[in-house]
Amino acid sequence: MNDIICARITAPGRSAIAVIRISGKGAIELVSEFFSPRQKLLKAPGNSIVYGNFHDDSGRIIDEVLLSVFRAPHSYTAEDTIELSCHGNPALAERILSTLLTKARLANPGEYTLRAYLNGRMDLSQAEAVNDLITAESSKAETAALMQIKGYLGRHLSNILERIRDARLRCELAIDFADQDLPQIDLDDLKRRIQQILKDAKDLYAEGSGGIKLREGVKICLAGAPNTGKSSLFNALLKQNRAIVTPHPGTTRDYLEESFSLNGYPIVLWDTAGLRDSEDSIEQEGIARSYSLMRKADLILLLYEGEYPGIGDELSNFVDKIIPVASKADIISYPALPEDHVKISVKLKDGLVDLSEKILQRLSLPTQIIDRPLITNSRHLAALHRSITSLQDALTALDMNAGFEIIAFELITAASALEEILGVLPTDELLNKIFSEFCIGK
Ligand SMILES: Nc1nc2c(ncn2[C@@H]2O[C@H](COP(=O)(O)OP(=O)(O)O)[C@@H](O)[C@H]2O)c(=O)[nH]1
Ligand SMILES: [Mg+2]
């Protein structure tokens, strides 16, 4: 924490400019050793920009640079920080970086954000969302990450935590009062408080599985007999000619995976080998893979042409996530189909909007994302679940007159589960796991 770290924070390769960030106590003095006019930099106020030359140890100029100067605590890391913009030649940026590295150390992945968190600039849920925002693959996922960075989740959880603490203090007072002649605490009031906390926690939880799909992507598998138009639909949804389409049954043998965004929601789409009895060992392996993808999928689009084959034994486990899709409606005339079926013609681009709507309906994804808390991360959801269990146990204990010590204990357990989300008392192992997923420079 005490050393000065630096790293290139723009992507490698040629560009108009490259930016190197230097952060830590003494960062401004360090850069000034390689910069002229030196005094101008040393006197620069926070949030200002200084123009000058960057030179190496021997005074030889490497580049003209612009320095953005941030003084603690008003920077991303809450430390003294300089963001050095040089010309975007990778070799040049590398020479500046190696000059700085004679006096500083290269930042680890996510180390700037780790410092921001350790210095109290953000809670752990906000820090994690920084990486989510950088890696988000759809507009809704971006918005959800941005809301988390803005602290909606953190503030909501802190509010719940505060109320749990309040209830716990009431229990502890009751313990103290028990052997004295003091007024007893209002049990109905305590119960109402815990019930309300539980309700808020459950409301947050209820949207969590949809929130996680927002961040990780919804997995959709195209399945059905050979030649029913799976690969054609795959290409149509991706709006590109990705899969090979032929009139020959059994064209797709291995599966294909592509990501795209459906009305702003991130989707991972799989095109699979058609399901049929086959003697061909390659095709058999492909079909085995189709089944394993269907198991992993959130939704299965089961294509058929003509008569609906129904959901046979092999698919019976997946009933809940199947949307039957009647294909090639331009050459096949379908009678009135059941409510849950969708009729499409990829050739005429018919029914694709219907299909998209049906997909989104079935997934119950969060629609309200702006300006509110939302769980989007399985680590957070698991911790919230533990908290809910303890709150429920606290209520049961209260109903059974189990004693205030037990209720207080359950409330403490409920609180510490939520504190894990905010990173109040994190383990090194957890921090390593989270920040190692970041890129260097973030
Ligand atoms: N008329 C018509 N033909 C289609 C349609 N969709 C796919 N096909 C044709 O059906 C055949 C099989 O399509 P393909 O996408 O490879 O099916 P897959 O085996 O399920 O992947 C190809 O000749 C496609 O051109 C459609 O909407 N209308
Ligand atoms: Mg195919």
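In this predicted model, strands β2 (residues 17–23) and β6 (residues 81–87) run antiparallel and are joined by seven bridges. Within this pairing, I22 finds its bridge partner in I82 of β6. Both strands belong to an open sheet of seven strands with mixed pairing, and reading across the sheet gives the order β3-β4-β5-β6-β2-β1-β7. At its edges stand β3 (35–36) and β7 (105–106), each of which pairs on one side only.

Following the chain onward from β6 leads to N89, a residue of the loop between β6 and α3 (90–100). The surroundings of N89 hold 14 other C-beta atoms within 10 Å, and N89 is therefore partly exposed, since a buried residue would need 20 or more such atoms and an exposed one would have 12 or fewer. N89 also meets a part of the chain far away in sequence: R14 is 75 residues apart from N89, yet their C-alpha atoms are separated by 5.3 Å.

On a broader scale, the domain assignment divides the protein into domain 1 (5–107), domain 2 (139–207 + 372–435) and domain 3 (216–363). Between the C-alpha centres of domain 1 and domain 2 there is a separation of 44 Å.

Turning to the ligand, 20 residues surround ligand 1, and those that come nearest are G229, K230, S231, S232 and K347. Sorted by class, the shell around ligand 1 is made up of 11 polar, five nonpolar and four charged residues.

Key
Residues numbered from 1 in each chain as written. Chains lettered and ligands numbered in written order. Predicted model: local features only at pLDDT ≥ 70, side-chain atom pairs only at ≥ 80, totals over all residues. Near = placed C-beta within 6 Å. Nonpolar A, V, L, I, M, F, W, Y, C, P; charged D, E, K, R; others polar. Pairing = 2+ DSSP bridges. Helix = DSSP H or I, 4+ residues; strand = E, 2+ residues; numbered from the N terminus. Domains from an automatic or database assignment.
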